[in-house]
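Reader: I have a protein model to look at. Can you walk me through it?

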Amino acid sequence: MKKITLLTCFLFVAMATFAQKLKEMIYVGTYSEKGEGIYIYEFDRENLAAKQVQILANKNSPSFLEFHPNKKYLYSANEGKGTITAYKIDQANGKLSAINEKSAFGNGSCHVSVDPKGRFIYVSNYGSGNLAVYLLNKNGSIGTLADTIQDKGVASQKPHMHSMIPSADGKFVYASDLGIDKIMIYQVDQQTGKLTPGAVPYVEVKAGDGPRHLAITPDGNFAYSAGELSSSVNSFQIVKNSGAFVPLERVSMLPADFKGKNSAADIHISPDGKFLYASNRGHESIAIYAIDTQTGKLTIAGHADTHGKHPRNFNLDASGDLLFVANRDNDNVVIFKRNKETGQLTYTGKEMSIPTPVCVKILILK
C-alpha cells in the first residue's frame, strides 16, 4: 500500500513539475510608425501579467502574424515592404530568430495564413489586390512560389485582397476582397498548392460591405464575414463537399442608436463554437453574438468597450477564458475575462503597453 501511495505522490509531483515548465507566450505585430517590430512576452496567467522577453526588430510593419500548425514557427506579413518572413520559435523561451524572407508578389501585404497541415502559406496583398501561395519546407522556411492570382476591379472599385482563410481540412481557401465585395472560393491542389476556382467560385455580399476577415465554426458548418465598410456581419452555411457558401443573414455590428463613423476589423469564434466576436473601430467595441449551432443564425448579446481606440486584431486564448484586444491608437493590448456561459467580456484592468499594436497571438510552449 505504501508503494502505491509513494508512486502516486511521485507521479503527482512529476506532473506538477511538468505543468510548471509550460510557458505561455504572447506575440504582437506592430506598425512601424512607432513600433519597433514584433514584441514577445511571457504571460503570467495567474496574475494576468506580461513580461517582455524580446523585441525582434522589423521596421517594415510586421502587421499580421500566424503560427505554423506545429507551433515551432511563426510568419509575419510585412505590410511596409511587401514581403513575408519565417521565424523559428525557441521552445525554451519563446524568442524568435529569422529563417528567411520572400517577396509577397504585391504591396500592402496585410494578412498571412498557413495551411492546417503546414504545407502552404497564403499571403493577401491589400494594395495591389492580389494573393500569393508558397510551399513551406519541413524546417519552417518559405519555399518556392506555388501560385499568384490578381483580382480584377469592378467599375471604379479597385481590388483589395484582405485575408485568406483555409478550411480545417485544407482543401479550400476563402479569399476576402474588400474592394470588389466578394469572397473568392478556391480549391487547393493538395500537392502543389495551386488554386483553382471552386464549383461555386465566389459569394458576393451587398455592395459596399467590404468583406475583410472571416471566421469558420469549429465544426466547419458555418462562416462569418466582417464587412469593414458597412460594419456588418454576413453569415453563410458551408457546403462541405464543394466548399460553397450559402448566404444566411446579414446583421449589424453596431447598436441601433449609434450615429458616428465606424469600420469593422477582426472577427473570431469562441473555441466551443457558441459565440462570435467582432471588433468595431469608431464605436470602439467588441460586438458579441450568440450562435445558434444548429442554424448558424446570430443573436446580439451585447457590446464590450475595448478601453482603447481603433481596435484591430484581437484573439481568444485556446481555453476561451481570456480575450486580448490590440488598440492601435492607444498603444495598448487590453485583457478581458470571458464568461463561457453568456459570452460576456469583463475588463480586467490589465493592459500591455505596446506602440501601434495591430495583431496579437497566444502560444503555449510545450
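The questions below go from the whole protein to its sheets, hairpins and pocket.

Reader: How many helices and strands does the protein have?
Author: The model is a predicted one. DSSP runs are what count as helices and strands here. On that basis the protein has one helix and 28 strands.

Reader: Why does the protein count as compact for its length?
Author: For 366 residues the globule rule gives 21 Å. The protein is close to that, so it is as compact as a globular protein of that length. Its radius of gyration is 20 Å.

Reader: What box do the C-alpha atoms fill?
Author: The box is taken along the principal axes. It is roughly 80 × 50 × 45 Å.

Reader: What share of the 366 residues is buried?
Author: Buried means under 20% relative accessible area. Of the 366 residues, the share that passes this test is 55%.

Reader: Is strand E18 mostly covered or mostly open?
Author: Strand E18 spans residues 232-239. Six of its eight residues are buried. So by the cut-off of under 20% relative accessible area, E18 is mostly covered.

Reader: Which residue of E18 stands opposite Ala226?
Author: Strand E17 (residues 222-227) runs antiparallel to E18, and six bridges join them. The two form a hairpin with four residues between them. In its turn, Ser231 has a positive phi of about 55 degrees. Opposite Ala226 in E18 stands Val233.

Reader: Which residue takes a positive phi in the hairpin of E18 and E19?
Author: E18 pairs with strand E19 (residues 244-252) in the antiparallel sense, over eight bridges. In one of these pairings, Asn234 has Arg250 in E19 as its bridge partner. The hairpin has four residues between the strands. The residue with a positive phi, near 75 degrees, is Gly243.

Reader: Why do strands E20 and E23 each have one side without a neighbour in the sheet?
Author: The order in this open sheet of four strands is E20-E21-E22-E23, with antiparallel pairing. Strand E20 (263-269) and strand E23 (298-305) stand at the edges, so one side of each is left without a neighbour in the sheet. Each has a single partner strand.

Reader: What is the bridge partner of Ser279 in E22?
Author: Strand E21 covers residues 275-281, and strand E22 covers residues 285-291. They run antiparallel and are joined by six bridges. In E22, the partner of Ser279 is Ile286.

Reader: Which are the edge strands in the open sheet E24-E25-E26-E27?
Author: This sheet has four strands, and the pairing is antiparallel. An edge strand pairs on one side only. That leaves strand E24 (311-316) and strand E27 (345-353).

Reader: Which residue in E27 does Asn332 stand opposite?
Author: Strand E26 takes in residues 332-338. E26 and E27 pair in the antiparallel sense over six bridges. Opposite Asn332 in E27 is Ser353.

Reader: What volume does the largest pocket have, and which residues are closest to its centre?
Author: The volume of the largest pocket is about 1600 Å³. In total, 48 residues line it. The closest to its centre are Glu66, Lys71, Ile216, His268 and Asn315.

Reader: How many residues of each class are in the lining of the largest pocket?
Author: The lining is sorted by class into nonpolar, polar and charged residues. The numbers are 24 nonpolar, 12 polar and 12 charged.

Key
Residues numbered from 1 in each chain as written. Predicted model: local features only at pLDDT ≥ 70, side-chain atom pairs only at ≥ 80, totals over all residues. Heavy atoms only, no water. 1 Å grid on protein atoms, 1.4 Å probe; cavity = no way out; pocket = protein on both sides within 12 Å on 5 of 7 lines; lining within 4 Å. Points joined across faces, edges and corners; volume = space filled by probe spheres on them. Nonpolar A, V, L, I, M, F, W, Y, C, P; charged D, E, K, R; others polar. Pairing = 2+ DSSP bridges. Rg over C-alpha atoms; globule rule 2.2 N^0.38 Å. Buried < 20%, exposed > 50% of the residue type's maximum accessible area, 1.4 Å probe, protein only.
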